[in-house]
Amino acid sequence: MEFRLLGGVEALVNGRHVELGHARQRCVLAVLLVQVNRPLPVDQLIHRVWGDHSPQRARDTLHGYLSRLRSALGDGGPAIVRRPDGYALTTDALDVDLYHFRDLIGRARATDDDGPAADLFEQALGLWHGDPFGTLESPWLDSLRPSLRHERLAAELDRNDIALRCGRHTEQLAGLRAHAWEDPLDERIAGQLMLALCSCGRVAEALDHYRSTRMRLADELGIDPCASLQRLHQRILSADPNLAPHAPGIAASTATRALERQPQPLSTVPSQLPPPVARLAGRTRELEVLNRHLDAVGHDGTTVVVASIVGSAGIGKTTLALSWAQQLREQFPDGQLYVNLRGFDPSGVPMPLHEAVRGVLEGLGVPAQNIPATVHAQIGLYRTLVAGKRLLLVLDNAHDADQIRSLLPGTGSCLVIVTSRRQLSGLLSGGHVRHLALGLLDTDEARQLLAGPLGPDRIAAEPDAAAAIVERCARLPLALSIAAARAATAPHLPLAALADELREERHRIAALSTHDSHHTDLATVFSWSYQALSPASARVFRLLGIHPGPDIGTPAAAALADLPKDSVRAALAELTDANLLHQPTPGRYQFHDLLRVYATERALTEDSDHERDTALRRLLDHYLHTAAAADRLLDPHRDPIALEPPCSELGPPTVHEEALDWFSAQLTVLLGAVRQAAQSGLDGHAWRLAWAMTTYLQRKGHWQAWVATARLALESACRSGNPAGQAHSHHGLGLALAWTRQTDSARVHLDQALDRYTALGDNPGQAHTHRTIAFVLQRTGHYTGALDHAEQTLACYQAADHLAGQASARNAIGWYRAQLGDFQRALADCEQALTLFQKVGNRTGEAYTWDSLGFIYRGLSRSDEAARCYKQALGHFRDLGDRSSEADTLTGLAEAQQALGHMDLARLACQEALALKQELGLPGTDHVRALLTELSASVSTAPASVDRR
């Protein structure tokens with residue numbers, strides 16, 4: 001079998017194509033082939049196939065793809081095997097065109113005989129039949145394509161050298177022109193084209209191409225052509241006879257070129273690495289990532305190898321870079337250079353290029369009188385001196401990619417380590433570049449850093465205080481180092497005293513500031529990044545400190561800042577690039593707690609009370625209106641509450657699934673927003689937002705959050721003096737307490753709600769409350785009282801001409817009659833309820849009524865109809881995302897299947913019910929567990945899948 005990656009992803013058996021399935025399935029195969037015969041962990045395989053957008057059941061989907069690929073590949077040949085450390089595709093690596101290509105290229109470069117080398121190069125290039133991986137889309141495959149294209153280009157250029165050396169100038173001319181057009185800054189291509197033109201007698205064109213290349217290098221990179229290209233230019237000008245075919249010239253063989261580039265001894269072997277300013281704690285994973293990147297050094301002669309370490313202020317970039325560099329000293333015997341580019345210096349002025357290059361030349365031992373006058377010539381001398389050397393260059397605290405680009409050596413034998421507070425995504429689009437985004441320490445690493453100057457005994461003596469210091473320093477290395485230094489200088493003071501000093505957010509930055517060095521003063525270090533922002537982005541940064549956290553989406557940020565979405569996206573991008581924010585998930589932004597505190601301080605200093613209050617009102621207005629719109633999608637028949645018109649454009653969810661996803665993504669933010677609204681005196685926003693969250697909290701079983709939010713809502717409504725708000729909030733808290741089985745407290749608040757709705761003349765409100773009181777009475781086993789309140793519910797809904805409410809009331813009446821054993825009347829009530837719900841299109845009501853009918857048919861010993869009704873209810877509840885009701889319906893379905901003798905199906909439904917009840921903390925767990933034990937004893941064969949039709 002032959003596998004192709006260098007074009008469309010294909011598999012061939014004896015020249016015949018194998019059907020590999022759809023694009024995503026072929027993507028799985030491509031990922032396995034790139035790492036042929038080496039296992040890939042499942043999580044890593046999923047990430048390489050889907051990136052950050054994997055499906056909900058990614059593992060199940062992946063297993064399905066792998067199974068179909070195994071069938072397609074057949075038996076007796078290549079196999080996809082499961083090993084303890086992941087999946088691997090096992091076959092002869094040379095059956096994969098990528099590995100066959102690399103094998104042929106390696107053999108071609110190893111021979112000094114041009115004839116066989118040329119044949120091997122042609123065979124290798126003949127394996128390419130398009131762009132790597134064809135049209136498959138995957139962020140990981142996309143990241144590989146540039147380096148594979150580079151491998152192909154390098155092979156073509158080596159092939160061109162041989163062709164030029166063998167006198168095939170004319171046939172190479174068209175291809176070289178095309179390459180020069182695609183990559184006008186590649187000096188090797190320029191040299192090959194100049195040599196081909198000269199050998200074809202077109203000297204003027206060769207000189208003209210040199211002239212245009214030199215101007216482009218100067219304009220775009222600020223450098224002169226490399227020394228070898230300048231020498232070729234001089235040889236053409238002097239009509240050097242050795243430029244004829246078969247002469248070595250610039251197009252020497254690979255082996256000859258390597259000899260010509262053998263480094264001459266530097267006048268000085270630099271050793272400029274300073275010691276790390278702080279102790280490195282943890283960072284084991286990051287060091288492993290960086291060490292893997294070392295394999296690229298010396299991979300080819302021209303591609304610069306860069307490790308870019310980026311992150312926010314105080315995250316430990318320089319400590320990691322210098323610690324790693326110190327470990328690598330012996331691997332770079334030609335020296336180590338260090339340049340602090342002062343990208344975020346207190347002066348606000350990054351190091352100029354001429355100053356940086358001159359410092360590097362001096363470090364290489366170039367006498368001052370020998371340093372050229374122009375910066376372009378200085379860069380040329382620098383690259384000449386380091387060509388072919390095993391040299392390590394640390395460029396610390398870079399301002400942006402432009403500051404770095406001219407300092408990169410032109411050889412793959414060097415390693416460049418760059419640190420910056422910015423992302424440096426424009427550093428290089430191809431080549432060997434590893435961008436490492438440095439995050440906060442984990443808890444164990446933070447504890448290690450704290451223990452460094454204090455000793456493990458002092459940490460062990462006060463573990464709770466140490467944990468509090470770690471948490472209040474946000475696991476930020478600089479903050480932890482300052483805290484540890486303060487504790488170390490006062491060994492007589494308990495750590496609890498420092499932890500208490502850090503307790504208050506508004507004092508935290510001051511407590512983590514020093515007076516002996518700006519470089520270890522937290523507020524000053526943060527300020528250097530802040531001062532580099534544009535005014536618009538600085539304003540957004542300050543306002544984000546007002547947000548309750550932990551993260552924010554683009555629409556909310558636009559409302560907060562009162563900006564169009566395009567403008568706020570640009571500001572968020574600048575803040576992310578400056579590592580003042582990061583994106584935990586696409587489209588959502590957050591910063592660590594200390595940066596949040598700093599942002600809040602800047603807002604208090606630079607923005608007026610009116611500006612901050614107005615921004616907070618806009619933000620809460622956005623969340624309130626979007627939550628109300630999303631709630632309307634979850635339960636279209638829920639009676640709305642009165643809202644003021646929104647302050648800004650919302651763009652809320654438009655379908656039920658989007659509403660569930662929105663609430664899920666925003667839940668922690670919304671809970672914080674209710675607290676913030678209550679604390680800020682925006683009581684109307686607080687109780688209304690809590691009201692809008694009720695449906696989601698109940699369906700997803702967020703019981704404690706529901707109760708806590710309902711209590712805040714009631715406190716806010718009482719402060720606001722809004723009678724309707726007080727009625728809604730008493731009812732909301734009563735409902736939450738009823739679901740958490742706090743029935744006595746629930747009844748107190750429901751009676752209060754009923755009194756207020758009655759005083760307002762609000763018939764629907766009275767009906768809702770009677771229905772909830774009936775639910776409370778049901779919870780305590782008082783079904784006669786529950787039936788009485790259900791009938792009052794119906795009367796109130798009829799008075800309000802509320803059809804959906806009447807349907808709900810009739811379902812409740814039927815349910816309570818069934819609980820009292822009156823199944824025939826209950827059946828008539830619930831069938832009438834189902835008809836009404838279907839008439840008004842209320843799927844939530846339908847779901848509950850189908851569940852009631854399932855119970856009633858079980859009471860009538862009609863188990864087949866009971867099972868049918870439960871399946872109907874189950875489908876509706878799953879579509880609605882109502883997991884708590886799903887658990888109860890699964891229990892009823894299990895009992896109906898048991899009555900029918902379907903023990904395997906009953907047991908599986910019971911297992912699902914028990915898992916849900918345990919996960920959500922629902923009542924009835926003991927009953928379901930006992931039922932499962934009974935069913936398990938009855939099943940002797942393997943269970944089938946639950947029939948969910």
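**Group meeting: a walk through the predicted model**

Let me begin with one residue, Thr 411, which counts as buried at a relative accessibility of 7%. Thr 411 has its place in the loop between helix H16, residues 401–405, and strand E9, and although Thr 411 and Leu 391 are 20 residues apart in sequence, their C-alpha atoms are 9.9 Å apart in space. I should say at once that what we are looking at is a predicted model, and everything I describe this morning is to be taken in that sense.

Let me step back to the whole protein before going further into that region. The protein has 42 helices and 13 strands, and its C-alpha trace spans about 110 × 75 × 55 Å along the principal axes. Of the 949 residues in the protein, 52% are buried, and if one takes the contacts with a separation of 6 or more, 67% of them are accounted for by residues 24 or more positions apart.

Now back to strand E9 and its sheet. In what order do the strands of the open sheet run? There are 5 strands, in the order E7-E8-E9-E6-E10, and the pairing is parallel. Strand E7, residues 336–340, and strand E10, residues 432–437, stand at the edges with a single partner strand each, so one side of each has no neighbour in the sheet. From one strand to the next, the twist averages 15 degrees. Within this sheet, strand E8, residues 392–398, and strand E9, residues 415–420, pair in the parallel sense over 5 bridges, and if you would like one position to look for on screen, Leu 393 has Val 416 in E9 as its bridge partner.

Helix H12, residues 284–293, lies across strand E6, residues 305–310, and strand E10, and its direction is at about 175 degrees to that of E10. This part of the chain also brings us to charged side chains. Arg 285 and Glu 286 meet through their side chains in a salt bridge, at 3.3 Å from N to O, and Arg 283 forms a salt bridge with Glu 286 as well, with the closest N and O atoms 3.5 Å apart. As for their surroundings, Arg 283 and Glu 286 are both buried, with Glu 286 at 7% relative accessibility, whereas Arg 285 is partly exposed, with a relative accessible area of 49%.

How many salt bridges does a search of the whole structure find? The number is 41, and one of them joins Arg 145 to Asp 131, with the closest N and O atoms 3.9 Å apart. Arg 145 lies in helix H6, residues 139–165, and Asp 131 in the loop between helix H5, residues 114–126, and H6, so this pair ties together parts that are 14 residues apart in sequence. Arg 145 counts as buried, at 6% relative accessibility, while Asp 131 is partly exposed, at 34%.

Let me turn to the aromatic side chains, where the structure holds 14 aromatic pairs. Phe 823 and Phe 855 have ring centres 6.4 Å apart and ring planes at 50 degrees, so the pair is tilted. Since Phe 823 belongs to helix H37, residues 823–840, and Phe 855 to helix H38, residues 843–859, the pair ties together parts that are 32 residues apart in sequence. Phe 823 has a relative accessible area of 19% and is buried, because the cut-off for that word is under 20%. Elsewhere, ring pairs link Tyr 530, Phe 541, Phe 591 and Tyr 598 into a cluster. There are also arginines over rings: Arg 390 lies over the face of Phe 332, at 5.0 Å from the ring centre, and Arg 779 lies over the face of Trp 739, at 5.3 Å from the ring centre.

I will finish with some backbone details. The peptide bond from Gly 549 to Pro 550 is cis, with omega near 5 degrees, and Pro 550 is found in the loop between helix H24, residues 535–544, and strand E11, residues 552–553. Asn 14, although not a glycine, has a positive phi of about 50 degrees; Asn 14 is in the loop between strand E2, residues 10–13, and strand E3, residues 16–17, and is exposed, with a relative accessible area of 75%. Arg 741 likewise has a positive phi, near 65 degrees, in the loop between helix H32, residues 723–739, and helix H33, residues 743–760, and Arg 741 is partly exposed, at 44%.

Terms used: Residues numbered from 1 in each chain as written. Predicted model: local features only at pLDDT ≥ 70, side-chain atom pairs only at ≥ 80, totals over all residues. Heavy atoms only, no water. Phe/Tyr/Trp six-rings, centres within 6.5 Å; stacked < 30°, edge-to-face > 60°. Helix = DSSP H or I, 4+ residues; strand = E, 2+ residues; numbered from the N terminus. Buried < 20%, exposed > 50% of the residue type's maximum accessible area, 1.4 Å probe, protein only. Lys NZ or Arg CZ within 6 Å of the ring centre and 35° of its normal. Salt bridge = Lys/Arg side-chain N within 4 Å of Asp/Glu carboxyl O. Pairing = 2+ DSSP bridges. Axes fitted to C-alpha atoms, helices over the stretch in contact; angles between N-to-C directions. Contact = heavy atoms within 4.5 Å.
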